[in-house]
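Please open the model in your viewer, show side chains as sticks, and keep the selection panel at hand. The tour goes from one selection to the next, with a note on what to look for at each stop.

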Amino acid sequence: VDSRARIVWWCFPRFDSDPVFSRLVAGDEEKGFSDVVLDRQVSSRSEYDRNTAIVTTILTAADGAQVKITDFAPRLRNFERLLRPPQLMRMIEPLAGVPRVTIRVRPTQFYGNPMKRRVAGSSHVTYGEPALIRLTTDAPLSYIQQETPFALTRPLHMVFGQNEPFMGDIAATVRDFAARTRDYWREWARRLSIAYEWQEASIRAAITLKLTNFEETGGIVAALTTSLPEAPHSGRNWDYRYCWLRDAYFVVKALNAIGATRTMEQYIAYILSIAGNTDTLAPCYGIVPSDDLTEWIAPDLKGFEGHGPVRIGNAAVEQVQHDAYGSVILAATPMFFDKRLPLPGDEGLFRLLEKMAGQCAALALEPDAGIWEYRGRKRIHTHSGAMCWAGLSRTAAIAARLGFRDRAAHWQNLAETIGVELLRRVWNEKRQAFAAAEGVDDMDASVLLLPDLGLVEPHDPRFVSTVAAIEKDLVRGHHVMRYAAEDDFGLPETEFLVCRFWLIDALCVLGRKDEARERFEDALALRNSYGLLAEDIHPQTGALWGNFPQTYSMAGVVLSAMRLSRSWEDRYWRASS
């Protein structure tokens, strides 16, 4: 929903489905949206209701007339079950004067084709051929179908969803669902464990991570959109409505930190359902892991602001990324150590992880596409090797936890041997730094994660000098590039936002906490008016680019806030002193 209450993106019925509202990537074509147009509108104000996923927008006309629009996806407890139908609900209410409005509904199907077939009933319109969605409403259907302006003299209600009869009174149901959805989110938020400082930002980030969770399978998508480019006219347009195993470690770590253990468990179960079915992992999977992710281009969508192409599927599924094996092990590790979880990891799960650890040992020092998914080359990447080492190290720790001393010694010996060899190979004497990969002089922001993974100590002189080299090569003021060398598409133009949080965390462990806090405050200022972050930001213009909202970025907010925040007692003592 944009700041003018126009619904510009909605995939139905799943995150990765054909978008019913596709205006976000339709270029300049007026299709694929639903909105409320207020005559002589002069301003709009849009925001989330506090601690919820409900959006409220107020439109104001030149004569002072006002309209309030409330948008939400229902999520509520019903008969001791969680009710979360694939629906969007909208309330349109007059606040002041006699607003004159036009309600427009222009859905698409087959990735950008207008739904020309529209069949009206007594209180609903079905759209699509075949009939795909149904709008049930107490608004005048003729006004909606003909897009005719009319005086808004009473509250109106709209429900977009599956083509099924709507049971019950529309107004009463929508209002009841809105209240109960608000209650659900506020109750969910109040159970979070968050840092004392930056609570609003942490809560919004936590809710966003929850919203990217496909609860039927447990998968968490990288973002909710496709083909929002990393930079203008860059061609770096990717479909992120899928689950990357490399994200698993960061997302699970963030969910664990804030106490969202049920969502964390669901995601771990999703990951393990994949790992238990294969010895060879792909970098990414659909929210139903067996889905075909073959990449193709939608010809009827021009792209965000005309920056095409619009890609469906993702060719990353065909790449080789060795960090995936370590990611699976790291994601599953809390199952053996977190006492809050009702079903702790057992020997059966450990044996599954040993399969992944075997792959870590075999592949740690082999070339791959790396964390940034280079499409045209393979190298022995520092991050990929480090994630494999971390997988071996965690497997050894799990074995020790379960009392399997011989297996613990086996995996620990492999970890030590591979860790020493990896660091020897990627150490660049000329740069006095751990380089992006073996045999190159390039720096890579992912190397900032080495202490967090445990491969090097934070105050190891080699890591200290590596941070200095990264600051020299990749830092542009407060911006942090993921790398500065050319890739398959040329020189990168925008900052990958999670890299900023990686630098913040590295500065913190190096004792440069004041600088880290300053950088974190600056990062929070980059969020849009809803408190959300995309994948990238342009260092010159300050505009957010890339798919949105990005789980990497929102997890970065959570983890850096936890690391940097002072305690309540510390803040109180400082203030009173």
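**Stop one: a core residue and its surroundings**

Begin by selecting Leu281 and, leaving aside its neighbours within four places in sequence, display the residues in contact with Leu281, namely Leu245, Ile274, Ala275, Ala324, Tyr325, Val328 and Met356. Bear in mind while looking at these contacts that the model is predicted.

Widen the selection next to the largest nonpolar core, which has 134 residues, and within which Leu281, Val328, Leu353 and Trp502 touch the most other members. Colour helix H13, residues 497-509, since the largest share of this core, 10 residues, comes from that helix. Apart from this core lies another one, of 31 residues, and Trp10, Phe21, Val67 and Ala139 are among them. As background, nonpolar side chains in soluble globular proteins tend to be buried together.

**Stop two: strand E5 and its two partners**

Select strand E5, residues 55-61, where 7 of the 7 residues are buried. Turn the view until the two sets of side chains separate: Val55, Thr57, Leu59 and Ala61 point one way from E5, whereas Thr56, Ile58 and Thr60 point the other way, and all of these are buried. Such a pattern can be read against the general rule that side chains in a regular strand alternate between the two faces of the sheet.

Add strand E4, residues 41-48, which pairs with E5 in the antiparallel sense over 7 bridges; one place to centre the view is Tyr48, whose bridge partner in E5 is Val55. Between the strands of this hairpin there are 6 residues, and Asn51 takes a positive phi near 60°.

Then add strand E6, residues 66-72, which is joined to E5 by 6 bridges and runs antiparallel to E5. Here Leu59 stands opposite Val67 in E6, and Val67 is also a member of the core of 31 residues. The hairpin of E5 and E6 has 4 residues between the strands, and in its turn Gly64 has a positive phi of about 95°.

**Stop three: a sheet of 3 strands**

Select E3, E10 and E16 together, which form an open sheet in the order E3-E10-E16 with antiparallel pairing. Strand E3 (33-38) and strand E16 (150-151) stand at the edges with a single partner strand each, so one side of each is left without a neighbour in the sheet. To inspect one of the pairings, follow strand E10, residues 100-106, which is joined to E16 by 2 bridges, and look for Val101, which stands opposite Phe150 in E16.

**Stop four: enclosed spaces**

Finally, switch on a cavity display, if your viewer has one; the count here comes to 6 cavities of 30 Å³ or more. The largest cavity, with a volume of about 240 Å³, is lined by 20 residues, of which Glu230, Trp238, Trp372, Glu373 and Arg482 are the closest to its centre. Coloured by type, this lining divides into 9 nonpolar, 2 polar and 9 charged residues.

The second largest cavity holds about 100 Å³ of space, and of its 14 lining residues the closest to the centre are Phe250, Trp502, Asp505, Gly556 and Leu559. Which helices should be shown around the second largest cavity, as each supplies at least two residues of its lining? They are helix H4 (245-258), H13 and helix H15 (551-564), with H15 giving the most, 6 residues. This lining divides into 8 nonpolar, 2 polar and 4 charged residues.

Conventions
Residues are numbered from 1 along each chain as its sequence is written. This is a predicted model: local features need pLDDT of at least 70, side-chain atom pairs count only at pLDDT 80 or more; totals for chains, interfaces and linings use all residues. Side-chain values use heavy atoms; hydrogens and water are left out. A nonpolar core is a set of buried Ala, Val, Leu, Ile, Met, Phe, Trp, Tyr and Cys residues joined through side-chain atoms within 4.5 Å. Buried means under 20% relative accessible area, exposed over 50%, partly exposed in between (1.4 Å probe, protein chains only). Contact means heavy atoms within 4.5 Å. Two strands pair if DSSP finds at least two bridges between them. On a 1 Å grid over the protein atoms alone, a cavity is a set of points where a 1.4 Å probe fits but cannot get out, and a pocket is an open set with protein on both sides within 12 Å along at least five of seven lines; lining residues have an atom within 4 Å of a point. Grid points are joined across faces, edges and corners, and a volume is the space filled by probe spheres set on the points. Ala, Val, Leu, Ile, Met, Phe, Trp, Tyr, Cys and Pro count as nonpolar, Asp, Glu, Lys and Arg as charged, and the others, Gly among them, as polar.
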